[in-house]
Amino acid sequence: MNKMKNLVIAFLSILTLASCNSNDEKTEKSAVDSAATVNTTFDHVLGMWVGDFIAEEYQEGSYSENKLSLVIKSIDKDKVIGRSVVVGNDRPLQGTLTNSGNKITFVLDEPGDQKYDGRFEFELNNDTLVGTWKSYNQEINVTKRSFKLLKKVFAYNPNLMLDKNGDYTDRQSSKVKTVTDTIDGKAETFEDEYYRSASKAVFTINSSTQELKESDLKNLRKLDLQILRNTIFARHGYSFKKKTYRQFFDRADWYIPVSNDVNGTLTALEKKNIKLLERFEKYAEDNYDSFGR
Amino acid sequence: MHKEPTTNEQMLLNIRINYFRLAWLLLFFFFFLLMLQITLRYLPISDDVAFLQIKQTEVEGIKLYLPIFYIHVYSAIFVLLAGFTQFNKTLLNKRPKLHRKLGYLYVLVVLLFAAPSGLFIGFFANGGLIAKAAFSILAVLWFWFTLKAVLLAKKQQFKAHYHFMLRSFALTCSAITLRLWKVILVYLFHPAPMDVYQIIAWLGWIPNLLLVEWMIRKKYLNLK
């Protein structure tokens, strides 16, 4: 009987230990994101939240959807400090939280000294931050955006690759060609739009782990080279300003924009590969479709 | 032999032919300028300019690559000049000595510099074995046609000399046609750079050669 009791107690204590462990892990993760943990009650909110930043109110033709990272750095009573990273804009955030029973709501402001600054309002909904952003400036293209953010931990991993099932067509820039065709004996002129597509190389060559040789790159078009080079920056959490690159990396689950300057974190191999890729990009730009080589 | 036009019709025909020749000359002049522009990119000498940007493996790995590459770039532009002088009827018939001097210059530059350097850089061509084979065969044929042409001139066999010089110069013009084909193929099909390179390595000179062979057979080109 006693033995049985002991066993039950042992089992229960293991269970408690296990649950404690998982709690510890969570706090540890948060601690990584922010050293300045103040109020333990909101520990689970501290850290990086990532998701799509979707245009809700915008000028005609300027709809856009970008990846947003929202960092809650510290919470001191009702004072919240954080930052937002989107489209190469890394902005400080300051504001307050309201804890009304089982609902935590936030109002965080960007400083307002830049054109695209605005106010974030959101609440914690289970494991998701749900809310909107409104620009201070009503003259810009997108004045209101919505978002649903999940908590993520950023960690540089050189082995991350673009998904081989992805669509790597550059929808952001097209070439218009005028084509003349004869239909029913009448010559008609059409304007066709051409989009450039990347090759398999963008998900088979890893520009962060393998030392690239000229022979690896010779048969690649400019878009392949651009994507290969920028995948390095994406792995380091670079927040892309150019739509050309956002369209490819925003879709990658692993991609988290954390900074608008990652040069200090590049490895020696990556720096070497970037130099080589840049040289090939320039050559492709100058020579691919022109007389000469 | 100088023929006098016997009728008005024949005079008109001659004028028409002259216009045709003038158009060809202007076209050739246009492409010569483009080639000159490409050559000038290699001044001053640099080890990582233009085409060399994607040739650093050879530049760094093979000591002779860079000097021989530059021999090819700088000599090839001069042999194109022969297109203005050596097939000119007036110069050929009225200034045979000048024709001979300029001809020797063409032959020396091709045989000593442009063709051997072409063969060497052909061995290291982009586009793998397919392209390497094309450029190597091109260089060997170029050398052979040019040598044969000058030897025939020495033996006073001027008709055969003329035919071999046509073949030689058809290959000289591959510098132009190869780049022209590239522009056309890229515009039409957007192929990957080395795929197009393998194609133009052959397309740059074989149609040229076929064209002059056809013209020789049809006796289209008569300089007298």
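The following exchange concerns the chain contact, the domains and the nonpolar cores of a predicted model.

Trainee: Which helix of chain A gives the most to the side that touches chain B?

Mentor: In this contact, 17 residues of chain A meet 18 residues of chain B. By class, the chain A side holds 5 nonpolar, 4 polar and 8 charged residues. The element that gives the most to this side, with 5 residues, is helix α6 (residues 268–287) of chain A.

Trainee: Which element gives the most to the side of domain 1 of chain A that touches domain 2 of chain A?

Mentor: Chain A is divided into domain 1 (33–152) and domain 2 (169–287), and their centres, taken over C-alpha atoms, are separated by 30 Å. Their contact takes 11 residues from domain 1 of chain A and 11 residues from domain 2 of chain A. On the domain 1 side, β1 (47–58), β2 (65–76) and β3 (79–86) of chain A are the elements that give two or more residues. The one that gives the most, with 3 residues, is β2(A).

Trainee: Where does the largest nonpolar core lie with respect to the two domains of chain A?

Mentor: This core has 56 residues, and Leu149(A), Val202(A) and Phe280(A) are among those with the most contacts inside it. Its largest share, 7 residues, comes from helix α4 (residues 222–235) of chain A. Because domain 1 (33–152) and domain 2 (169–287) of chain A both give residues to this core, its place is between them.

Trainee: Which residue of chain B is in contact with Phe280(A)?

Mentor: Neighbours within four places in sequence are left aside here. Phe280(A) is then in contact with Leu217(A) and Leu225(A), and, from chain B, with Ile54(B).

Note on methods:
Residues numbered from 1 in each chain as written. Chains lettered and ligands numbered in written order. Predicted model: local features only at pLDDT ≥ 70, side-chain atom pairs only at ≥ 80, totals over all residues. Contact = placed C-beta atoms within 7 Å. Helix = DSSP H or I, 4+ residues; strand = E, 2+ residues; numbered from the N terminus. Nonpolar A, V, L, I, M, F, W, Y, C, P; charged D, E, K, R; others polar. Domains from an automatic or database assignment. Core = buried A, V, L, I, M, F, W, Y, C linked by C-beta atoms within 7 Å. Buried ≥ 20, exposed ≤ 12 C-beta atoms within 10 Å, placed from the backbone.
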